Structures are given as C-alpha cells and as structure tokens.
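The following paragraphs lead through the strand pairing and the nonpolar cores of the structure shown here.

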Amino acid sequence: MALPASGQITLDQIHVEAGGSTGTECGINDTDIRTLAGISSGEIGFDDLHGKSAGITLKSYGMVINTNTNSTSYSGSLSASVAVGDMIVLAKTTGYGDYNYGSTTVQGSSPTTITSNRVWSSPTYGHFQFLRFTATSAASSISVSCSEGSTNRQAMYVYAWLIGGGAQYEDNARRGASTGTLTVDTGEDGAIIVGSAYSWSAYAMPNLNNTDYETTFDRNYHVWVGHAVQSGTAATYSMTVATQGSNNHIASFTKA
C-alpha cells in the first residue's frame with residue numbers, strides 16, 4: 001500500500017513500505033528508504049516519501065526510434081525520469097538487412113537480451129528482439145543506440161517501457177506465432193506485462209487487452225506494442241492473445 005500522498009507520515013510507516021519490520025531500527029538515509037524515494041544521494045526528507053509505493057510502477061513508455069531510413073546505425077531518446085534500479089525494457093524491430101542482429105546499447109551500456117527472432121524474406125532478414133536493462137545512474141531520458149554492421153537496415157523501430165520500484169524479469173511468457181491465454185501470478189506488489197509483435201499483415205496483430213500503438217513498418221511490415229498493469233494484492237492475472245503475429249513476445253515483471 002502506498003504511503004499517504006500528503007500530511008504526516010512516520011519513519012516507521014516509511015520503513016514498513018520499504019520492506020522493513022514495524023518497530024525495528026531504521027534511518028531516513030538507509031539504502032532501502034532512499035530507493036523507495038528514488039533519491040540515491042544528497043539531501044532527503046519526509047516530503048520526498050509522500051505517495052511512494054514499494055510496488056513496481058509503469059513510469060513511462062513510448063517510441064525511442066521510429067524511422068524508415070536506410071542506415072547502419074540508429075539512435076534516439078525518450079524523455080523520462082530514470083532512477084537507479086529502474087528497469088528499461090525495449091522492443092526492437094528492424095527492416096530488411098543482413099543476417100546478424102547488430103548491437104544495441106541503452107544508457108551507453110549493453111542490455112540483456114530476453115529473446116530474439118528472425119523473419120526471413122529472401123535474400124535478407126528482418127529482426128525482432130526484446131531487451132532489458134537495469135539503470136545504474138539517474139537520468140532525464142532513455143537513450144538507445146543501434147549499430148547494424150556493414151549492411152544497411154531499411155528501417156528501425158524501438159519502443160521502451162520504464163518500470164520503477166525494483167522490478168525483476170519474471171516470465172518469458174509467450175513468444176512466436178501462438179495465441180491463447182497467458183496467466184501471470186502477480187505477487188503481492190502486482191505485475192507489469194508488456195508485449196510486442198512483428199508481422200507482415202495488419203490483421204495478424206495480437207490483443208493484450210490494452211493496445212498502445214500499432215504502425216505500418218517498412219516493406220509492409222506491421223509492429224504492435226501493448227501493456228497491462230495489475231497492482232495491489234496478490235492475484236492471478238489472465239489475458240488473451242487473440243490473434244497471432246509472425247513474431248510476438250509477452251513478458252511479465254514483478255517486484256524484486
């Protein structure tokens with residue numbers, strides 16, 4: 001349960017929200033309390049904790065790169081308040097190019113690949129990847145750079161989700177061209193479920209109960225991204241992937 005948005009709050013309330021036990025020793029500068037406040041160093045006060053929740057939150061999301069330019073390198077950014085420990089999740093889709101996936105950096109560092117798929121169309125390949133990165137420093141934006149080797153990519157699309165509150169990657173839940181119902185055990189602090197798909201046909205896009213964006217990509221490819229948020233007490237959350245994409249991926253994130 002989130003701390004009160006205004007008025008008096010006690011150090012004990014803050015400590016419990018941060019994961020401590022009531023009545024036990026703590027200090028306003030403790031690491032877990034600073035993490036809850038989103039302030040890694042410098043001055044911190046009780047007002048910085050108003051409305052804070054130990055559960056994970058979807059802080060921001062949107063397009064980072066969206067272009068049909070023929071190039072071997074792409075970069076872009078999304079304005080967002082990134083705190084230490086936030087999880088940045090990327091859905092990266094490329095147009096025609098060489099066989100290799102190329103390389104991606106987030107905030108200047110290499111992310112972890114959740115999954116990679118190729119879409120073959122002679123004589124070249126389109127690519128679809130999910131990546132995640134835990135921020136090690138605060139920033140005012142999410143920055144992404146992609147290097148695609150010596151062969152031009154004929155387009156690039158990167159979508160980002162920023163998850164706050166100490167999220168961990170929970171479930172490589174569903175990928176490929178499958179449909180059906182996905183069930184996620186959210187845990188006591190809820191879960192955030194994100195998804196993206198890459199298809200030749202606009203009619204082969206999935207439905208994750210909440211669609212955020214769909215676009216026609218280069219060479220008549222289509223890209224879809226969506227997310228669903230379940231917060232509060234423990235629950236089992238189910239959603240339906242109603243129609244298949246040529247490549248789709250759905251992953252869930254819960255409190256670490």
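**Strand pairing and nonpolar cores**

β1 and strand β8 (residues 156-164) are paired in the antiparallel sense over nine bridges; two strands count as paired if DSSP finds at least two bridges between them, and strands are DSSP runs (E, at least two residues) numbered from the N terminus. Within this pair, Asn66 stands opposite Tyr157 of β8. The model is a predicted one, in which local features need pLDDT of at least 70 and side-chain atom pairs count only at pLDDT 80 or more, while totals for chains, interfaces and linings use all residues. Residues are numbered from 1 along each chain as its sequence is written, and side-chain values use heavy atoms, with hydrogens and water left out.

The pair belongs to an open sheet of five strands, ordered β1-β8-β3-β6-β5 with antiparallel pairing. Because β1 (57-67) and β5 (112-121) stand at the edges with a single partner strand each, one side of each has no neighbour in the sheet.

Strand β7 (residues 139-147) takes part in further antiparallel pairing: eight bridges join it to strand β2 (residues 73-82), with Ser141 as the bridge partner of Ser79. Four bridges join β7 to strand β4 (residues 103-106), also antiparallel, and here Ser147 is the partner of Ser103.

The largest nonpolar core (buried Ala, Val, Leu, Ile, Met, Phe, Trp, Tyr and Cys residues joined through side-chain atoms within 4.5 Å; buried means under 20% relative accessible area, with a 1.4 Å probe and protein chains only) has 25 residues, and Val89, Phe130, Trp161, Ile163 and Phe253 have the most contacts inside it. Elements giving two or more residues to this core include β3 (87-97), β5, β6 (124-134) and β8. Another core, of 19 residues, lies apart from it and includes Val64, Ile65, Ala80 and Val106.

Definitions and conventions: Buried < 20%, exposed > 50% of the residue type's maximum accessible area, 1.4 Å probe, protein only.
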